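User: Got a minute to walk through this one with me? I'd like to start with the loops and work inwards.

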Amino acid sequence: MNLQVPKSHISGTIPQGLTLIPDFLTAKERKDIEEWTRVRAAAVLPNKGSGMHYEWFGAPDFKAEFPEWSQEIVARLQERKIFKNAPPNSILLTQYRPGVGNNTHIDEDRYGEIIAGLSLGATCVMNMQRFREKAQLLLESGSMYVFQNEARRDWTHEIPRATSGKFQDKDWQRTDDRFSYTFRKIDDLSWWKWWNGES
Ligand SMILES: O=C(O)CCC(=O)C(=O)O
């Protein structure tokens, strides 16, 4: 049995290796980080278009340093031994405008063994699937999900493009931006070097 995901936040089969911590951030942290994120997004991310917009901090391109607030988040991930000995060296900020999602996928090997995703802004659901087994997660602002083992390697995940829906007995709406910060330990930079013509 896997008790790492509260029943209130998952429907279907619980993937082995999945953790969801709904109150990972305090209400104050959530407000502060969300504000920081909106300012950052307005300054750095394109303000038009229907795609996903993103910015890396740390690996793989080291163009931006980790935000100061992330130190506490990384420390908390380390306390819970989520990244084992070595802390994450990469954070990806993704902005999803209402109705924007991503396609069903499993992250490539180059993204490392563990993925920890912090959600901010509008609530959304995430669909996960392994053959006929399906799961749906409720991702609320301030929550952290972690994919390890089977959840990381064998299950696909997707943010559907819906702007509203029902999860268990709760209605949810995505009329505002959603942001995610995905924390990773990226050791092998060879693919990115190749992509940038550096190798
Ligand atoms: O926004 C999210 O939480 C999902 C991000 C995602 O699918 C990915 O980084 O592979």
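User: Where does Gln168 sit?
Analyst: Gln168 is in the loop between strand S10 (164-167) and strand S11 (170-173). Helices (H or I, at least four residues) and strands (E, at least two) are DSSP runs, numbered from the N terminus. Bear in mind that this is a predicted model: local features need pLDDT of at least 70, side-chain atom pairs count only at pLDDT 80 or more, and totals for chains, interfaces and linings use all residues. Residues are numbered from 1 along each chain as its sequence is written.

User: OK. What about phi of Gln168?
Analyst: Phi of Gln168 is positive, near 50 degrees, and the residue is not a glycine. Most residues other than glycine have a negative phi.

User: Is Gln168 buried or exposed?
Analyst: Gln168 counts as exposed because it has 11 C-beta neighbours inside 10 Å. The cut-offs: a residue is buried if 20 or more other C-beta atoms lie within 10 Å of its own, exposed if 12 or fewer, and partly exposed in between, with C-beta atoms placed from the backbone.

User: Which residue in the loop between S3 and H2 should I look at?
Analyst: Phe62 is in that loop. Phe62 has a positive phi of about 55 degrees, though it isn't a glycine. Phe62 is exposed, since 12 other C-beta atoms lie within 10 Å.

User: And what kind of peptide bond joins Ala59 and Pro60?
Analyst: A cis one, with omega about 10 degrees. Pro60 also belongs to the loop between strand S3 (53-58) and helix H2 (70-79). Most peptide bonds are trans.

User: Switching to helices. How does the span of H1 compare with what it should be?
Analyst: H1 covers residues 27-44, and its 18 residues should span 26 Å at 1.5 Å a residue; the end C-alpha atoms are 25 Å apart, which agrees. The expected span is 1.5 Å times one less than the number of residues.

User: Which residues of H1 are buried?
Analyst: Arg30, Ile33, Thr37 and Ala41 are the buried ones in H1. They're on the same side of H1, because they cover an arc of only 80 degrees around the axis. That arc is taken over the directions from the helix axis to the C-beta atoms.

User: Why would residues three or four places apart point the same way?
Analyst: An α-helix has 3.6 residues a turn, so residues at that spacing point the same way.

User: What's on the face of H1 turned away from the buried side?
Analyst: Exposed residues: Lys28, Glu35, Val39, Ala42 and Ala43.

User: And what covers the buried residues of H1?
Analyst: The cover includes strand S4 (90-96), strand S5 (115-121) and strand S12 (178-184). Contact here takes C-beta atoms, placed from the backbone, within 7 Å.

User: How do S4 and S12 pair?
Analyst: Antiparallel, over seven bridges. Ser90 has Arg184 in S12 as its bridge partner. S5 and S12 also pair in the antiparallel sense, over six bridges, and there Ser119 is matched with Ser180. Two strands pair if DSSP finds at least two bridges between them.

User: Why is S12 largely enclosed by the rest of the structure?
Analyst: Because six of the seven residues of S12 are buried.

User: Back to S5. What does Ile115 touch?
Analyst: Leaving aside neighbours within four places in sequence, Ile115 is in contact with Asp107, Phe147, Arg152, Thr182 and Arg184. Ile115 lies in S5 and counts as buried, with 20 C-beta neighbours inside 10 Å. The C-alpha atoms of Ile115 and Phe147 are separated by 5.2 Å, with the two residues 32 apart along the chain.

User: And Ile114, where is that?
Analyst: Ile114 is in the loop between S4 and S5. Ile114 counts as buried too, with 20 C-beta neighbours inside 10 Å. Beyond residues up to four places away in sequence, Ile114 touches Ile82, Phe83, Val146, Gln148, Arg152 and Lys185.

User: Last thing: which residues surround the ligand?
Analyst: Thr94, Asn102, Asp107, Gly117, His157, Ile159, Ser180 and Thr182. A residue counts as near if its C-beta atom, placed from the backbone, lies within 6 Å of the molecule.

User: How does that shell around the ligand split by class?
Analyst: One nonpolar, six polar and one charged. Here Ala, Val, Leu, Ile, Met, Phe, Trp, Tyr, Cys and Pro count as nonpolar, Asp, Glu, Lys and Arg as charged, and the others, Gly among them, as polar.

Terms used. Contact = placed C-beta atoms within 7 Å.
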